[in-house]
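Me: I'd like to go through this one with you, a few quick questions at a time. Here it is.

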Amino acid sequence: MNWIECEFTAVRYFTLDGSDYPSHAAQETAIAGYLRWRNRHCHPKRHFAVNSKIRRPDYLPNVA
């Protein structure tokens, strides 16, 4: 899964699920507010599949 997919899931969960905005402008305001909050509270992603077998030098994918 791409890391960006979890970000879009969070946008949908926090701003769109169960909502009934009266206009597109109100919906846009809610999404922009969430993005501003998320950007203020973000942290760099640092753990990129630390124990994944693909990181071992002896790993060869089965491409037969």
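Me: Which are the buried residues of α1?

Reply: Keep in mind that this is a predicted model. Buried here means under 20% relative accessible area. In α1, the residues that meet that cut-off are Ala10, Val11 and Thr15.

Me: How wide an arc do they cover around the axis?

Reply: The directions from the helix axis to the C-beta atoms are what count here. The buried residues sit on the same side of α1, because their arc around the axis is only 100°.

Me: And what do the buried residues of α1 pack against?

Reply: Packing here comes down to contact, with heavy atoms within 4.5 Å. For the buried residues of α1, the partner is α2 (24-40).

Me: How far apart are the end C-alpha atoms of helix α1?

Reply: Helix α1 runs over residues 3-16, which makes 14 residues. The expected span takes 1.5 Å times one less than the number of residues, so α1 should span 20 Å. The model agrees, with the end C-alpha atoms of α1 apart by 20 Å.

Me: What follows α1, with a positive phi?

Reply: The phi in question is near 70°. The residue that has it is glycine 18.

Me: Where is tyrosine 21, and which residues is it in contact with, leaving aside neighbours within four places in sequence?

Reply: Tyrosine 21 is in the loop between α1 and α2. At 28% relative accessible area, tyrosine 21 counts as partly exposed. With neighbours within four places set aside, its contacts are Thr15, Leu16, Ala26, Gln27 and Ala30.

Me: How far is the backbone oxygen of threonine 15 from a polar atom of the tyrosine 21 side chain?

Reply: A polar contact needs N or O atoms within 3.5 Å. Between the backbone oxygen of threonine 15 and that side-chain atom of tyrosine 21, the distance is 2.5 Å.

Me: How are the rings of tyrosine 13 and phenylalanine 14 arranged?

Reply: A search of the whole structure turns up three aromatic pairs. In the pair of tyrosine 13 and phenylalanine 14, the ring centres are 5.0 Å apart and the planes are at 85°. Planes over 60 degrees apart get one particular label, so this pair is edge-to-face.

Me: Are tyrosine 13 and phenylalanine 14 buried or exposed?

Reply: The cut-off for exposed is over 50%. Tyrosine 13 has 54% relative accessible area and phenylalanine 14 has 56%, so tyrosine 13 is exposed and phenylalanine 14 is also exposed.

Me: Which residues form the aromatic cluster?

Reply: There is one cluster, and tyrosine 13 and phenylalanine 14 are among its members. Its full list is Tyr13, Phe14, Tyr34 and Trp37.

Methods
Residues numbered from 1 in each chain as written. Predicted model: local features only at pLDDT ≥ 70, side-chain atom pairs only at ≥ 80, totals over all residues. Heavy atoms only, no water. Helix = DSSP H or I, 4+ residues; strand = E, 2+ residues; numbered from the N terminus. Buried < 20%, exposed > 50% of the residue type's maximum accessible area, 1.4 Å probe, protein only. Polar contact = N/O pair within 3.5 Å; in protein donor to acceptor, adjacent residues only side chain to side chain. Phe/Tyr/Trp six-rings, centres within 6.5 Å; stacked < 30°, edge-to-face > 60°.
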